[in-house]
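Me: Could you walk me through this one? I'd like to go from how the chains sit together down to a few helix pairs.

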Protein chains: 6
Amino acid sequence: MGMSGADLANIMNQAAIMAAKSKATQIETIHALTSRDVVLLGEARPSVSKVFDERTRHILAAHEAGHAMAALLLGPDPVTRISIIPRGPSLGVTFMSPVKERFVHDNDYMLGQVMVLLGGRAAEQVVFGTSTTGARDDLNRATQLARDMVCAHGMSALGLQAIGEGASPQLQYEAEKQIAELLKDAMVRVVDALEENKGLFEELTAGLLEREELFEEDIALALGNHGLVSRHPVSEEAKIAESA
Amino acid sequence: MGMSGADLANIMNQAAIMAAKSKATQIETIHALTSRDVVLLGEARPSVSKVFDERTRHILAAHEAGHAMAALLLGPDPVTRISIIPRGPSLGVTFMSPVKERFVHDNDYMLGQVMVLLGGRAAEQVVFGTSTTGARDDLNRATQLARDMVCAHGMSALGLQAIGEGASPQLQYEAEKQIAELLKDAMVRVVDALEENKGLFEELTAGLLEREELFEEDIALALGNHGLVSRHPVSEEAKIAESA
Amino acid sequence: MGMSGADLANIMNQAAIMAAKSKATQIETIHALTSRDVVLLGEARPSVSKVFDERTRHILAAHEAGHAMAALLLGPDPVTRISIIPRGPSLGVTFMSPVKERFVHDNDYMLGQVMVLLGGRAAEQVVFGTSTTGARDDLNRATQLARDMVCAHGMSALGLQAIGEGASPQLQYEAEKQIAELLKDAMVRVVDALEENKGLFEELTAGLLEREELFEEDIALALGNHGLVSRHPVSEEAKIAESA
Amino acid sequence: MGMSGADLANIMNQAAIMAAKSKATQIETIHALTSRDVVLLGEARPSVSKVFDERTRHILAAHEAGHAMAALLLGPDPVTRISIIPRGPSLGVTFMSPVKERFVHDNDYMLGQVMVLLGGRAAEQVVFGTSTTGARDDLNRATQLARDMVCAHGMSALGLQAIGEGASPQLQYEAEKQIAELLKDAMVRVVDALEENKGLFEELTAGLLEREELFEEDIALALGNHGLVSRHPVSEEAKIAESA
Amino acid sequence: MGMSGADLANIMNQAAIMAAKSKATQIETIHALTSRDVVLLGEARPSVSKVFDERTRHILAAHEAGHAMAALLLGPDPVTRISIIPRGPSLGVTFMSPVKERFVHDNDYMLGQVMVLLGGRAAEQVVFGTSTTGARDDLNRATQLARDMVCAHGMSALGLQAIGEGASPQLQYEAEKQIAELLKDAMVRVVDALEENKGLFEELTAGLLEREELFEEDIALALGNHGLVSRHPVSEEAKIAESA
Amino acid sequence: MGMSGADLANIMNQAAIMAAKSKATQIETIHALTSRDVVLLGEARPSVSKVFDERTRHILAAHEAGHAMAALLLGPDPVTRISIIPRGPSLGVTFMSPVKERFVHDNDYMLGQVMVLLGGRAAEQVVFGTSTTGARDDLNRATQLARDMVCAHGMSALGLQAIGEGASPQLQYEAEKQIAELLKDAMVRVVDALEENKGLFEELTAGLLEREELFEEDIALALGNHGLVSRHPVSEEAKIAESA
């Protein structure tokens, strides 16, 4: 979820407008962060949220809590916010903030991203024993990441060969088998993590159902409630917010 | 069978014209519902119905009753009307009204939709021991739904991999085997439901042959005649109609 | 062999011209039927027929008699005429007239059409023990019908899955095996019917060689000669002709 | 080697010019036949023939004699001329004249045409124990005929299914295996015929080497020399020539 | 990494500008070499380097040292410089200078180039036991070289056949298996070389971390420290630099 | 290596210019032959030759001597010149002059051409035990010839079927296996010939290294030195040169 120069300019303009509307004398951090959400994800649509029935809200909350759990326990970056307020076409979102600018990604990072993407579906299975259509985009992106690992980065048993569009059907199939196995193993790890930390998972889900958004400090609190400490440093974002 | 804003405007205009034609002082519910049918399905063509021979009428009635049975016993939404009055290119239609606006669909919902689509063909087999060309569109749509479940939503034994157009022929074939099995299992469930509830099935078929259209209250009555209660709440539509 | 509105207008115009040429005061049924043949099949070309040698005429007569036999014994509709007068690109033709307007076709109807199409080739094999290039178009159309049964109507052991152009090569092949088997079984049934009713078959062939065209009443007579009664009602066409 | 109306007009014009050049008072049969060869095959190029070495001439003569032998012993039509005078792009040619206008072709006719086409290659193998590039076009056309038999006319063990461009790779391959077998069996029959009639074959080859062209009466004489009588009636062409 | 005439002109112009900027009275070798790096690789971006964390710098240094080790121990050409100063899109670079202009490449040369390309990934595995996305371009180029060996130069067990885009899927797959095996064997050789010369490898890595660039004389010194002598002659470039 | 009319005109013009430059009063044979080389192959580039190192020159000499050996011992035409003077894009060339104009090619001729093309690679393996990229074009052309033999001329165990672009993947693969086997067998024959005539091979290689070009009379002499006589007649070219 990179940001172009045009995005940045757009965000600052929107933040300035928000600041003006709220009669602030300058752009506050809150204006910048809200503006960023609007520009990158679309305007929050709380009205849509109101038509969800209880089961749908529960599924959405568990789905986002699942992404967050995978990120907290298995992913590369700290979670800065979890939300079930619909934004743009999305019904929920889990925000992560990279610990640092990365120039190369290693095998663990790639696999971590795959597991974060599978967290939503894992939650559906652990809580409801079902699968929903809400994970379609997650599965697409996880498949693409796994494909890159196997076909471009030589990160599978298939070896170092770059496998492109001109590959033979049989080699393509072998790559697909690697991708399937990689996704299956990743899913097992995420499901295990959710089940081994069911208390935390339920607390996050309940928090979302109650408050719709959880922030980095809420998450830290929840981790503490279950005798856990974050594997990640505090995000730059949280530091800025705190100092603001 | 979603409805666009343009559809909606069109329906209201047609309803106003109908109201004017019938010299009503305002648009009644009946005008709105009739107008909706015309806009979404095409003008009713009872004249076509007259040229059907008895066997064809029986097949059409059983086919629609089959869709309705699957919806009543296995589908996600209440049935609001069953009709063998031809409309547009269609020789019969079973109307369902979603209990609620859905934002994500789970595995059961998807499978339920597949079974409703297969209800017509199942009826042909149960009543006449044959298959007709009338199910062509149903099979197309059921296949597409099953494909989405297997290839986009990770809802089969093939796992979570997103399977798109660039997939290898072998993986495509494995997906097709999953689709075939999913359809076969769904068909068995629908046929079983029809056979286990033959009394209700025959009553609905007979009702259609006699009256050409059955409404939500007719269906409730028929369910009651066989000691059954609907699995679904009364539709919003029926409530509106009742209060009108 | 459907007829468009334009065809109909064309037929009536041609009939009017024929009536005028023959100085009739009004369009007679004979004008309408002849006009129909010309518009749908092309002008009769008896001159071509004269250059056929005896063997070719025998093959053509047996071929058309084969289609007619399959239609009489296994097909869905009554045979109204059999002809070996070349018309347009066609060297012979067997006319059938649908008993009724059909809105859905069942498995038996489809299979019956396939068997009628295979009747010509079956006759070549039964009478001459050979195959000719004259069945090319029949085989094309029978293959297409069988493909529809297997791929669009779920009428084979392959199940309900709709099989389109994007199907995997392996599934396409499995569909082709079903088509091949369906055609093979249909051929066996047609060949058996021809051999079990050799007397009738020879009488129709001889009739064609002698008179070039046989009409519904000729066919009824031939059936009677062999202790058979038509499986089909008298065609609307024959009734009109009789009452004219 | 059909002839269009334009071809015919062209032939007659050329014949008129030849007649005028030779100061004949009318178009003689010889003018018409020579004109036909020029229009359909190209101008004779005897000068090219002079640069052939002995072995090349022997190969060409045996090749054309091979076509003629296959036509005489296994083909459907009488041979009217055999020539090793190069015409247009062709280094030799065997002329056949259909006994009659054919409207349908049976299995034997098709197979006969295939065997005539393979006669040239068979001769290369029988006389020189080698294969040359001179049979390229023959093999192309024989393959195409065999493909039509298998894929369009249902004349193989593969059955009646029409096999077009959209066929699965596996079915295409099965068709190719049928084509290969059909060609192989045809080749065996041609080689056997050449070997069993070696005397006639050598006489025709020697005649071509000596005189460059053999006509229908030369061929009849050669057949007689070996106690054989033509399987075909005298061609229309020969009758016209005789009566001229 | 060939150089066009336009590149050369561009390099000399840039060198002249550099010389002018540094107030030199003429273009020095240092101006020409720096200019060459800028034109071929892009401007050095030391500022980017500063944002790398320690682990990233260590990975980059080991990666480049791995390329250099493979070149020194297994490759065809002397290494003239190793750098972890980012240039253009590249985060590090290992420079080699061909001993001579080559007109044909033998099997050993091709394999040597493959091994140099795999040196970076081999280093990641030997030092960190992981794989990174930084080797993507290396794997692409090594795969392409291996493909050329197998498909264009007949340098594999698959034999001499040229294998182009029209090859059958099965032959393409067999070629891919050869490519995979070739890459696997090459990787084993590089990993073995790195492990057998761990002292040198670590010294080069440490040198890069400390000084960011190592030159031909640094490398010679390092080789000497481990009792090794370069397999390659001193590069022309080094000779020029020395004499400058 | 055919020659068009335009080529011929071009050659004669260039020859006239050369004659004028050398102040000859008429075009001599030497002008015509040199002009031919320039037009068909490109200007000789002896300057490039000077930058070859000893090993490269040895490889090039052995490579061309290999082509010549295959032509002398296994090919259809006499060798008129062997050269390692680079011309155009080519680093060496072996000239052959057809004994006669050929109109059809037999199996032996085709195989002979394949073996001449493989002679260069065979020499690399016999002398250096390696393979170089210099044979790329040879392998392409040998593969294409072998493909023609198998797919267009029915000269393999695959039989007479013409195999074109529409062939099934499996048949294509079977053709490729035939091509591979044909090339492998041809290679064995060439390698055997080189090894059995190592004296002659070394003499030709040494002659090329010393004098850069060997002519028909040099080759005859070398053959004689090893008790061999050419299998081919003296070329027309040599006769003209001698008489000049």
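Reply: Let's settle one word up front: contact means heavy atoms within 4.5 Å. This is a predicted model in which local features need pLDDT of at least 70 and side-chain atom pairs count only at pLDDT 80 or more, while totals for chains, interfaces and linings use all residues. Residues are numbered from 1 along each chain as its sequence is written, chains are lettered from A and ligands numbered from 1 in the order in which they are written, and side-chain values use heavy atoms, with hydrogens and water left out.

Me: What percentage of the interface residues of chain D are also interface residues in chain F?

Reply: Chain D can be laid on chain F by a turn of 60 degrees and a shift of 0.0 Å along the axis, with an RMSD of 0.1 Å (copies are superposed by least squares on the C-alpha atoms of residues with pLDDT of at least 70 in both). In chain D, Pro169(D) has the C-alpha nearest that axis, at 6.7 Å. The copies meet through different surfaces, because the interface residues that chain D has in common with chain F come to only 4%.

Me: What kind of rotation axis relates chain A and chain B?

Reply: A turn of 60 degrees plus a shift of 0.1 Å along the axis lays chain A on chain B, with an RMSD of 0.1 Å. The two copies are therefore related as by a rotation axis that is six-fold.

Me: Which residue of chain A comes closest to the rotation axis?

Reply: Here too the copies meet through different surfaces, since only 4% of the interface residues of chain A are also interface residues in chain B. As for the axis, the closest C-alpha of chain A lies 6.7 Å from it and belongs to Pro169(A).

Me: Which three residues supply more of the area that chain A buries against chain B than any other three?

Reply: The contact takes 28 residues from chain A and 22 residues from chain B. About 2,200 Å² is buried between the two chains, with 60% of it from carbon and sulfur atoms (buried area is the accessible area, taken with a 1.4 Å probe, that two parts lose on being put together, summed over both). On chain A's side, 24% comes from Thr133(A), Arg136(A) and Glu176(A).

Me: How far apart are the nearest C-alpha atoms of chain C and chain E?

Reply: Not every pair meets: chain B and chain D do not touch, and their nearest C-alpha atoms are 12 Å apart. Chain C and chain E do not touch either, with their nearest C-alpha atoms separated by 13 Å.

Me: Are α5(C) and α7(C) oblique, perpendicular or parallel to each other?

Reply: Helices (H or I, at least four residues) and strands (E, at least two) are DSSP runs, numbered from the N terminus. Helix α5 (residues 107-128) and helix α7 (residues 169-196) of chain C have axes 8 Å apart and pack at about 60 degrees (axes are lines fitted to C-alpha atoms, for helices over the stretch in contact, and angles run from 0 to 180 degrees between N-to-C directions). Angles under 35 degrees count as roughly parallel, over 145 as roughly antiparallel, 65 to 115 as roughly perpendicular and the rest as oblique. So α5(C) and α7(C) are oblique.

Me: How many nonpolar residues does the contact of α4(A) with α8(A) have?

Reply: Helix α4 (residues 54-74) and helix α8 (residues 198-211) of chain A cross at roughly 130 degrees, their axes coming within 8 Å. Among the residues that meet are Ala61(A), Ala65(A) and Met69(A) in α4(A) and Phe201(A), Leu204(A) and Leu208(A) in α8(A). Ala, Val, Leu, Ile, Met, Phe, Trp, Tyr, Cys and Pro count as nonpolar, Asp, Glu, Lys and Arg as charged, and the others, Gly among them, as polar. In this contact two residues are charged, three are polar, and the nonpolar ones number 10.

Me: Where is Glu212(C), with its positive phi?

Reply: Most residues other than glycine have a negative phi. Glu212(C) isn't a glycine, yet its phi is positive, about 70 degrees. Its place in chain C is the loop between α8 (198-211) and β3 (213-215).
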